[in-house]
Structures are given as C-alpha cells and as structure tokens.
Amino acid sequence: MLQFPSDFLWGSATSSHQIEGAATEDGRGWSIWDAHSHTPGRTANNENADVACDHYHRYKEDVQLMADLGLTAYRFSISWSRIQPDGQGAVNPKGIAFYNNLIDELLKHHITPWITLYHWDLPLALQTEKDGWLNPEIADYFAAYAAICFKHFGDRVKHWITLNEPWVVAILGHGEGVFAPGRKSKSEPYQAAHQLLRAHGKAVQLYRKQYQPEQKGKIGISNNCDWREPLTDLQKDKDAATRSLEFFLGWFADPIYLGDYPQVMKDRVGDRLPKLTQEDRALLKGSSDFFGLNHYTTLYASDVNPNAEVQSEVYGNGGIFEDQYVQLTADPNWKMTSMNWAIVPWGCRKLLEWISERYDNPPIYITENGCSLEDKIKDGAIQDTVRKEFIESYLAACHKAIENGVNLQGYFVWSLLDNFEWALGYSKRFGIHYVDYETLERTPKNSALWYKEAIKNSGFEFTQTNTKI
Ligand code: PNW
C-alpha cells in the first residue's frame, strides 16, 4: 500500500476555454482562441469551443461529479474576456457572478478552489489593438485584471496561479503558430515569454502588497516540462539533456527562483533573448509561493553535431531546434497515448527530483498530469485501463519522489472532463469523465472510479509490479 501524507491534495483540473462554452453569452467578449478556432484550417475538423462541455450552464452538475469523487481541490481558470470583455476597463458583473456561483458551489462541497488567472484565452481586443504578449504594457493590463479577481474572489479563494504554461504560449503560439495567436517566428517566442514573466511578476507583487496581508492566500505559476533522459552516459549527451531542460523549464523557473535566464540560453540565443533589467529581476526573484508543474511525458536527449547539416525538426523538440541542438528520441518499447506522448512514470520522478535540487526544495504541486486515449463507451461504461494505469503509475512515481525527499504536496489529474483540446478540437479525450458531445451527458470512466478509491484511502495498492517508477 502506498500511503500519501494526510494533507496531500487530490485534485483535478480544467480550463475556462476548454469547458465553459457560452462563448458570447452574458457579455463575454471573444478571446484569441475564439478567433483562432473560427479561422478555417486552424483546428481539427474546424471545431471551436462555442459550446464545449457547456460547463457555464452545467457547473452545478460538474461540481457534483467532483463531490462524488471526493476531490479535495479543483483547479479551473477564469476567462479574462468574461470579466473584462475587451481586456481592459469596465467589469462585466455577469462574469463575476458566474465565478462567484462556482466558487460558492465548490465550497459548499468542501472542495478547495485553485484559480488560474490565464490559461491562454487572451481577450481578442488586446491582441488586435495592442499586439498581445509582445507589448510591454500587457503586464499592467494583466495585473489590473488580476486585481479585479483578487478583489472579488479573494475572500474565499486562497490559491492563485497567475499563468498556465507560458512555454506553450511562447513556443506554440508565437513560434510554431499552431496555437493562438498563430504567429510563426524565431524571436517572438523569447519576447512573448519575457512579457509573460513580467506580467506574472506584476500580478504577484500586487497581490502581495494589497491583498495577501489580509486574504492570506498563496500565489504561484504553473510551468510545463517533460523529462529529458540522457541517451548515453557520454558527457555531451548528459549536457544535452540538461540544456533541453534549461530551455524548457529553466527559461521560466530560473528567473523566478534564481533571478535570471539560464546562462546557456543567453549564450545560444544572443540578442533574441531580451535582458531582464535589475527591476525585472527584483520583481521576479522569489515570486512564487509554490512550484506548479504540468507534466506529461519523457524523451531521450542526445547532442547534435552543430557542423552536421541541420536536421529536420523532431516532434517534441521542446523549443526552437537550432537554438538548442538537442536530438530527441523515444524508446520504441514505450507505450504511447493517443497524443503520441510516451508513458514513462520514472521520468516524472526524475523531473521532480531535478526541480527539488535545482530550486532548493520548494513545495511542488503537480497542477496537471494525465493522458488522452481513444475512449469508447460500451454498456454505459468506459474501460480506460491504460488511463487508470497511467495515473496509478505516475502517482506511484510521485510517492517515491516524496520518499526521496521531494516536497510534493498535491496532484491534479488533467482533466475532470473530456474537453476542447485546442488545435486538436474534440478528437483527443483527456477526461476521467466521458462527455458525449451530442447530448453533453457526462459518465465517469473506470479511471475516475479508481481515483475515487485512492482519494478515499489516501493511497493505493500499486499493482504494476513490472513498471519502473
Ligand atoms: C496542456 N506540448 O497543454 C494544457 O495546460 C491543457 O490545456 C491541455 O489540454 C493539456 O496540456 C493536454 O494537451 C499542452 O506540445 C499542450 O508540449 C501542448 C504541449 C504541452 C502541454
């Protein structure tokens, strides 16, 4: 039996754009994701999130699903354009009312709300009129929006995440252009990341000055990172793995914990990497009360000969390939999810240990972990054995990390519901509840039933004796 600490947080996570729907209802303005998904060719089958899971109208039913599971925490995000339709100025009272109702419903069921302020749905006007995350002014717009949320919800909400995965906004949104706002560039990712960091810093500074003393909550950020295992014992491959992690996670976590970008990024990116001023560094250093980590998969890393002809970009290279020169490969024996992400629980443990060591043992929360599978409903049930094994083995790896001294305090399954998986539309199912997109009916998958037992017992019998953790 793997027993978790009695105060360990058992959560599940979602995001506003992926589940709410009601895209233009009650005064909500469009976000860059509404514009992106309504542009032909940008999403699978040209799907959009106008309705999604219709959570906006069904939030009570969804909180009941959480209560049935026994969740102790629920992470969701606020749609900025529901609160401020144009991203600045007047507050939409109906937006405030919706989140007030959701928060109250959660508290009624003893579920602790964890709010993400920004999960990629930038109000469209801030993009078209202000250049979005490329404009240094965005940090002030973001802090002003954050203040509205602290003011209206902070009496009951004690856990805040400023940004979800700035890496994705930078690389997939401004580098590869596959996510909103759909920009392709070799320099904009570094500029956008810089403003994302500054925005995080300003929101935290404001919270700490004006709200934290009275509200007594905690505030942090959620970064995503895969694990990179050196392909061989050669020093150059070990260096390649470290370099890959520094370009992935160090890019965002180093300024927050160590006060500057990783040296290897400064050396390799040169002038395309903006400089953090003295003021930025003071703003950022120490600006997270906990380490939020979203983790999904692992790849082997090896060095690339810079003199060789430039190799084609490998899927999942974790950034701009020629800036890193890291070759990534998967072990052909690894099981894959329907995202083609490898299932490697020991990578999760190694990443947790790497974070603990590099950043001086901060309290860590896994704010997302989960997998997408081709789930089929049969006789009212979903036999998602692979997902159950995924969650079980990743939690077992977490348990081992805790035994090894990692200060891991909680875990949020991604996701509570099947939902709008961004550029992949509804084709990928990450939920522990199945959503029938015709009827919008929710059904707990077998993984949810397993998770419920684990929560009840604060642990579980680890049955996969042949799985390395
Ligand atoms: C995360 N990648 O996104 C997000 O926070 C969720 O909104 C999303 O549904 C979930 O993971 C599953 O995709 C990511 O390409 C998207 O490395 C892409 C990547 C990583 C995370």
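These legends walk through close-up views of a predicted model.

**View 1. The ligand and the residues around it.**
Let us begin with the ligand, which has 16 residues surrounding it. Q18, H119, E368, E421 and W422 are the closest of them. By type, the shell holds nine nonpolar residues, four polar ones and three charged ones. Which helix gives the most to this shell? Look for helix α8, made of residues 166-174, which supplies three residues.

**View 2. Side chains that meet oxygen atoms of the ligand.**
Here we move in on three side chains, those of Q18, E368 and E421. In the side chain of Q18, an N or O atom is 2.7 Å from an oxygen atom of the ligand. For E368, the distance between an N or O atom of the side chain and an oxygen atom of the ligand is 2.8 Å. E421 places a polar side-chain atom 2.6 Å from an oxygen atom of the ligand. How much of the ligand does the protein cover? On its own the ligand has 450 Å² of accessible area, and the protein covers 92% of that.

**View 3. Helices α14 and α15 packed together.**
This view pairs helix α14, residues 345-358, with helix α15, residues 385-403. Their axes are 8 Å apart and the helices pack at an angle of about 30 degrees. Is the crossing of α14 and α15 left-handed or right-handed? It is right-handed. From α14, the contact is made by P345, C348, R349, L352 and E353, while α15 brings S393, Y394, A397, C398, K400 and A401. Sorted by type, the residues of this contact are seven nonpolar, one polar and three charged.

**View 4. Two cis peptide bonds in loops.**
Next come two places to look at along the backbone. A180 and P181 are joined by a cis peptide bond, with omega at about 5 degrees. You will find P181 in the loop that runs between α8 and α9, the latter spanning 188-215. Another cis peptide bond links W414 to S415, and omega there is about 10 degrees. S415 sits in the loop between β12 (408-414) and β13 (433-435).

**View 5. A positive phi at N361.**
Our last stop is a single residue, N361. Although N361 is not a glycine, its phi is positive, at about 55 degrees. Where does N361 lie? Follow the chain into the loop between α14 and β11 (364-369), and N361 is there.

Key
Residues numbered from 1 in each chain as written. Predicted model: local features only at pLDDT ≥ 70, side-chain atom pairs only at ≥ 80, totals over all residues. Heavy atoms only, no water. Axes fitted to C-alpha atoms, helices over the stretch in contact; angles between N-to-C directions. Helix = DSSP H or I, 4+ residues; strand = E, 2+ residues; numbered from the N terminus. Left-handed = near helix turned anticlockwise from the far one by under 90°. Contact = heavy atoms within 4.5 Å. Nonpolar A, V, L, I, M, F, W, Y, C, P; charged D, E, K, R; others polar. Near = heavy atom within 4 Å. Polar contact = N/O pair within 3.5 Å; in protein donor to acceptor, adjacent residues only side chain to side chain. Areas by Shrake-Rupley, 256 points an atom, 1.4 Å probe, with all protein chains shown as cover.
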